[in-house]
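Here are some short exercises, each with a worked solution. Have the sequence and the model open beside you and try each task before reading on.

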Amino acid sequence: MTLRIRFGCALFCLLASRLCSAFYLPGLAPVSFCENGKGTEDCQTLIQLFVNRLDSVESVLPYEYDVFDFCKDEEERRPSENLGQVLFGERIESSPYKFNFNEEVKCKKVCQKKYAKDSQQDATKLDFLKMGMQLNYQHHWIVDNMPVTWCYDVEDNQKYCNPGFPIGCLVGDDGRPKDACVINSDFHKKSTFYVFNHVDLKITYHNGDKDGWRGARLVAATMEPKSIEHTDEQKLDCEKATPMEIPVKFENDVQIIYTYSVTFVENTEIKWASRWDYILVSMPHTNIQWFSIMNSLVIVLFLSGMVAMIMLRTLHKDIARYNQVDQEDAQEESGWKQVHGDVFRPPRKGMLLSVFVGQGTQIFIMTFITLFLACLGFLSPANRGALMTCSVVLWVLLGTPAGYVSARLYKTFGGEKWKSNVLLTALLCPGVVFADFFLMNLILWVEGSSAAIPFGTLVAILALWFGISVPLTFVGAYFGFKKPPIEQPVRTNQIPRQIPEQSFFTKPIPGIVMGGILPFGCIFIQLFFILNSIWSHQMYYMFGFLFLVFIILLITCSEATILLCYFHLCAEDYHWWWRSFLTSGFTAVYLFVYAVHYFYSKLQIIGAASTILYFGYTMIMVLIFFLFTGTIGFFACFWFVNKIYSVVKVD
């Protein structure tokens, strides 16, 4: 099964187009269904509904389906999960909701749950269910590897299809309905929970008789949650309007009967390859995103063109003056040539800089390949966990370029402690990320969340790190140290030149702070939707635009760093090594500030554990982004400095 890709990604996906033809991903082929009695090996009869973890926008802690004491499958089975699903905390398992294709079901009982007021165990279970309803925890059901959606009308008569639905809702002490309680006027009793114990499922299918294949394929699965109080399990009535009420105070025994109904609808227009479209088209802010991103792209491209034009014209005049016969007059006008004897002087903390650049190179290549594959559709939302799995595997396998770049740069700086260099390259930044990730996992484990990584998976991650990534880093460092140092176009003087007094704008800190503004300006719109997909559990699929933003971020980081580097060299400040890395790397600080703003303005997260988890995971994102953007700026400035000093005459 595949997602019909919204963007035609030609070569580097520089042109976004309308929905293009879909193709089948390996292992995700369509499944055909036949009516009862007509099933064969290649045409199934039974439709199995799977359940995933439950999550909430008010809490970072997801929980497994079984934790809430819902109906369980007697023969529970779990599909095999890839590494990405485990790291994201996905917990897919079978459910008792099973039905035959094209057989309608009316008000069928699934199970019955009783909670006695005198039982402490029952009180604990019911309190946990109430907590889930109060925090608006959402079910996530799956049919034929497709989310079961709850579609409802929103503003401007538009329909929004949510790939989840709430377990219930709460009417507060003041009589105000919260969350999903606003959908029904019968939910009005103060201090009362309303549990959604009935679902009306509608399965839409496309018959293959006219298309030359046997059976039918499911193209949509929608549902409508209802709260119904069943007084007699022998006489179920799913049309009655009396909702299932649970008082805030547990004073009487509570009985909840879970039921469901299923209807089937044939649709000849929707093809299997485009069955995700109705979900993606209805995602909120989609139209706004198209306009905002295109507007941002135009602005950033315009600014990038301005920077490039200024740099080319100014440098062309400078070089023309410096290469004139009368060198003294030229040197008096400007100062970047005067520091030619110090511009390639090795920086302080050169080992740490080389380690950061090596790790940034590894992250850069990983990001480029991952986004390119995602743009082509191989890492679509239909292929759960594929994005994270691909990223982790690529990072592990890209230890060699990290070791090579770090070792080669460190040798260029004149460093001799090669053992320390390669160990820091292999362990420093991954170690910080793993330590943060481990602490967050401990919190998840203490809270009993399904997102807690099993111990075996942690061991597997460590095995990948120390068994594959570290040796590959050593291999890259070996070849890096075997190579000669990078040859500089000019010689370095023995005595450092004194740096004149700098103006406010050419001092290090103001320049670094200003350097991250333009790169951040080209990503903050995409950043909003990425954070929405992570913390608000919305589906992200616009990888074509994300790849475009990646390319523009690359250009913008490079040009902003080169521009500021040129100004500092003209001011006769030759300390550009660290400054080039920190100038574009400071974009990560703006990323952190935006994440703080997003937390307080867009999210309703409550609780100390959820807050710690949010900022803990945010710090991992900030560190990775810092290394990524810093490396881009460093290499751009390194190329620029080598270029300008190689084309001027030096006496």
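**Exercise 1. Find the residue in strand 4 that stands opposite Val51, then place the pair in its sheet.**

Step 1. Opposite Val51 you will find Glu93 of strand 4. Strands here are DSSP runs of E with at least two residues, helices are runs of H or I with at least four residues, and both are numbered from the N terminus.

Step 2. Strand 1 (residues 46–51) and strand 4 run antiparallel and are joined by 5 bridges. Two strands count as paired if DSSP finds at least two bridges between them.

Step 3. Now widen the view: 4 strands form an open sheet in the order 4-1-7-8, with antiparallel pairing. Its edges are strand 4 (93–100) and strand 8 (146–147), each pairing on one side only.

A word on the source: this is a predicted model, in which local features need pLDDT of at least 70 and side-chain atom pairs count only at pLDDT 80 or more, while totals for chains, interfaces and linings use all residues. Residues are numbered from 1 along each chain as its sequence is written, and side-chain values use heavy atoms, with hydrogens and water left out.

**Exercise 2. Describe the open sheet with the order 12-13-16 and say which helix lies across it.**

Step 1. This sheet has 3 strands, and the pairing is antiparallel. Strand 12 (168–171) and strand 16 (245–247) are the edge strands, each pairing on one side only. From one strand to the next, the twist averages 25°.

Step 2. Strand 13 (residues 192–195) pairs with strand 16 over 3 bridges in the antiparallel sense. Phe193 has Ile246 in strand 16 as its bridge partner.

Step 3. Lying across strand 12, strand 13 and strand 16 is helix 2 (residues 120–134), at about 85° to strand 13. Axes are lines fitted to C-alpha atoms, for helices over the stretch in contact, and angles run from 0 to 180 degrees between N-to-C directions.

**Exercise 3. How do helix 13 and helix 16 cross, and which residues make the contact?**

Step 1. The axes of helix 13 (residues 524–535) and helix 16 (residues 587–601) come within 11 Å and cross at roughly 55°. The two helices are therefore oblique to each other (under 35 degrees is roughly parallel, over 145 roughly antiparallel, 65 to 115 roughly perpendicular, and the rest oblique).

Step 2. Phe524, Leu527, Phe528, Leu531, Asn532 and Trp535 of helix 13 make the contact with Leu591, Tyr594 and Tyr598 of helix 16; contact means heavy atoms within 4.5 Å.

Step 3. Sorted by class, this contact has 8 nonpolar, 1 polar and no charged residues. Ala, Val, Leu, Ile, Met, Phe, Trp, Tyr, Cys and Pro count as nonpolar, Asp, Glu, Lys and Arg as charged, and the others, Gly among them, as polar.

**Exercise 4. Work out how helix 7 meets helix 10.**

Step 1. The axes of helix 7 (residues 386–397) and helix 10 (residues 455–482) come within 7 Å and cross at roughly 45°, so this pair is oblique as well.

Step 2. Helix 7 brings Trp395, Val396 and Leu397, and helix 10 brings Leu464, Trp465, Ile468, Ser469 and Leu472. The class count is 7 nonpolar, 1 polar and no charged residues.

**Exercise 5. Which side chain meets Asp69 in a salt bridge?**

Step 1. The partner is Lys113, at 3.3 Å from N to O. A salt bridge needs a side-chain nitrogen of Lys or Arg within 4 Å of a carboxyl oxygen of Asp or Glu.

Step 2. Asp69 sits in the loop between strand 3 (59–63) and helix 1 (83–87), while Lys113 is in strand 5 (residues 105–115), 44 residues apart.
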